[in-house]
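Here's a quick look at how this chain is split up, followed by a closer look at one of its sheets. Have the structure open as you read.

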Amino acid sequence: PSTIYLKDYRAPDYLVDNTHLHFELKPKATLVKSRLKIRRNPAAGEGLPPLFLDGVDLILLSIAIDGALLSPEHYEKMPQGILVSVDKPEFFLDIQTCINPEDNTTLEGLYLSNGMYCTQCEAEGFRRITFYPDRPDIMSKFTTTIVAPKEYPVLLSNGNEISRGPCEGDHHYVTWEDPFSKPAYLFALVAGNLQYLEDCFITASGRKVKLQLFTEEKNINKGDHALRSLKNAMRWDEAVYGREYDLDIFMIVAVDHFNMGAMENKGLNIFNSACVLASPETATDATFQRIESIVGHEYFHNWSGNRVTCRDWFQLSLKEGFTVFRDAEFSADMNSRAVKRIEDVSLLRTNQFAEDAGPMAHPVRPDSYMEISNFYTLTVYEKGAEVVRMIHTLLGPRGFRKGSDLYFERHDGCAVTCEDFVRAMEDASQIDLVQFRRWYSQAGTPQLTVTDYFDETLGTYVLTVRQSCPPTPGQREKRPFHIPLKLGLLDKNGNELVLDGQGTTQCVLEITEAEQSFEFTELSEKPLPSLLRDFSAPVKIDYPYSIDQLLFLMSNDSDTFNRWDASQRLAFLALSDLQQAYRTGGVLQLQPELIAAYRSVLLNRDLEPALVAELLQLPSEQSIAEASVHIDAEAIVAAREFALQTLAEALFGEFRAQYTALNVRKSFSLSAKDIAERKLKNTCLLYLCATETADALALAQEQFDTANNMTDKAAALSVLINHAGDKQAIAAIEQFYQCWKEDAQVVELWLGQQSRSSRRGNLSAVEKLIQHPAFDLKNPNRVRAVIGGFAKGNFSQFHRSDGSGFEFLADQVITLDKLNPQIAAQQVIPITRWKRYTGDLARKMKIALKKIMDSGDLSGDLYEVVSKSLN
Ligand code: DPP
Ligand code: ZN
């Protein structure tokens, strides 16, 4: 596979004004006829160069220009498409191809999932449907006719339905027309025997939009939450961004086999079933919230992605970073803002920072790739969203809204770049973002080191901030970033100090140089800084806080995020000491102050339960690993396990009292308060059962047997799997499966819990799960649950010192690559970060990678990831 560079971008030679598609659906031989109205792009130069059409795994039946069939000397077949000779500036191109949806296990293009036809075209799936200039800067008006047997009553595509009727034999057809120009990656088709829920939404300007959610009949009772979320999202986008929906109908379809979470196809969003279907009996609170955010995300793409799209795939964050920022704010408005921020930052720090420090590190706008599907990353999505959030911070809410209005107005109907986005923000606000643009071009996580100095006689306090950024592949030297650093200063009583004459107690320092000092005057005592409030920039920040200062911030900071962050810093310090003691054979012990802090959090009746639950979470092994310079897996596992046990034993009575107080029977609701209380209750249950006492396990069993919702049920199951004896645990596992084996989403949860279990998910157990009838290597959700659960979610078992986990992963990835290259390339990631591990683990990961490399004939997806990690 070859490398594609942003610097080589050229405007397309030809444009496609109209695209007429005609499908005759058959499992192994679907006939696709396309008629494209093509014209020379006036912006692309002189002459009539040959026209390149992308095409992968297609059988070409015929090709004609203006009705005249082309003989083979008029086009050249190439590995990735065809090159057609052109002799006029405007023409109709008719192409017929044959494709095989049934055998398409890549889940790109058109494929079958449980007997239903569906498509996934982003990023480059359309070229698996027909020959086409498959690039996002070619925007075309699509009309689609679908012909299928009547046993597929539902035939859907983008836009509005314009006609339907019977065809020969037992067939029928439906024709759809999408009035909006769009790139091919937003094309979608669905055909199946589906039921639907229907609702409607009246837009701000009074237009009535029909909302439909399609699914297999057995899941029809699991669609309400998604529809409710959709209406909330539509309302929110009108209120916050002034964006209305633009078609008469908006459809969502649930599909079991899906590579991504969901896809924003114009008017016809297609969702991974796991990201749209839920009922209280089958879905956890986390799933309900994920559905709300993904439904919002895909809906928001209608403007940030569809009406204004990407010029090329290097600009992916233009739509994804912006849309993740939009969906995060939507979720924050619908639920607890503080908890949402904590969750997002945890994800970023644990997984995106790891990406920045690994072999695939890339800027938010990458400048090269081999396979674009490898760049649907946390860097493009989550760090991209942080970049947009920083613009929001620098411009303020009003400036940002002016900027987004200008962006949508200026570029509606166009395929544009990250640069266009930033320029709109700049033009609307008159704020200079020249240096800020480095966030798009430089990879790596910046590091801020903060020191301070207080002059008692003058009453001045000086903060000095130094920034640096480690080298990443292809980028040795980094220039300073423009970093908004939000902060407050606390006095010794925990009060916020006034920072200026106006009574302001919080400010945003703009860090632009490698080293910079800021002075605060007229202070009567040395303050304690509360830095990087609300995580105002995606950076690591170092300030020499003492334990006492962190404890103080944890109880006094007015910034909820920083209270949580102080608790995490404390835990990281303690875990780091424990690791050190473990390595040197010393005595492991947890400081009494830390235990006391956890106790006071548990007993504090003024704190919201949601925040208490967050404050009580120990950092995951993954996040401890990410925060380590050299990852010593064994020491990490031992340290965390010791901390958990110690807290569980020391605070057993408090956990028990809190659990009992919250464990009251009531009808289920998804209110923020109830979600928080369930989370806190289940956190207490986990600590209680970590002691593995009969008393605690009886509580878990009782909860498992009587829970009226999946959040409580799954929490109890997880605790039993991890802490009960064999008999009790196995009985719970078996009983749960018998109860839920017909429900795909619950089965996935069940598989994942076992695979992630440090106690029971050892390699031989995972190998057994792979043999279980519920496992299916062709279903990405099952792969993510079992193989991903083990390699990404079971730190202790996966990192066993014999390296058997790595070899297992390598073997699975080699097999998977033949079926679904995108998923194979995602699953291999854990071993690609071998360089950061200590001792033999690094060597054994590398051996596993070499085994993959030497297995021959890798997909482009897998080759890119593996070869870059062996460099
Ligand atoms: N469907 C994916 C997302 O919305 C890719 N666009 O992020
Ligand atoms: Zn998206």
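## Three domains

In this predicted model, the chain falls into three pieces: domain 1 covers 1–193, domain 2 covers 308–540 and domain 3 covers 741–871.

How far apart do the C-alpha centres of domain 1 and domain 2 lie? The answer is 40 Å. Where these two domains touch, domain 1 puts in 15 residues and domain 2 puts in 15 residues. On the domain 1 side of that contact you'll find nine nonpolar residues, along with three polar and three charged ones.

## The annotated stretch

According to UniProt, in an unreviewed entry, residues 104–186 carry the feature "domain: Aminopeptidase N-like N-terminal". No helix here: residues 104–186 come out at 0% helix and 45% strand. The C-alpha atoms at the two ends of this stretch sit 19 Å apart.

## A four-stranded sheet

Now for the sheet. Four strands make up an open sheet in the order 10-11-16-13, and the pairing is antiparallel. Why do strand 10 and strand 13 each have one side without a neighbour in the sheet? Strand 10 (109–113) and strand 13 (154–157) are the edge strands, each with a single partner, so one side of each is left free of a neighbour in the sheet. On average, and ignoring direction, neighbouring strands of this sheet are turned by 15 degrees against each other.

Zooming in on one pair, strand 10 and strand 11 (residues 116–120) run antiparallel and are joined by five bridges. Serine 113 faces methionine 116 of strand 11.

Terms used: Residues are numbered from 1 along each chain as its sequence is written. Chains are lettered from A and ligands numbered from 1 in the order in which they are written. This is a predicted model: local features need pLDDT of at least 70, side-chain atom pairs count only at pLDDT 80 or more; totals for chains, interfaces and linings use all residues. UniProt positions are given in the numbering used here, feature names are shortened, and annotations may be inferred rather than shown by experiment. Domain bounds come from an automatic or database domain assignment. Two residues are in contact if their C-beta atoms, placed from the backbone, lie within 7 Å. Ala, Val, Leu, Ile, Met, Phe, Trp, Tyr, Cys and Pro count as nonpolar, Asp, Glu, Lys and Arg as charged, and the others, Gly among them, as polar. Two strands pair if DSSP finds at least two bridges between them. Axes are lines fitted to C-alpha atoms, for helices over the stretch in contact, and angles run from 0 to 180 degrees between N-to-C directions.
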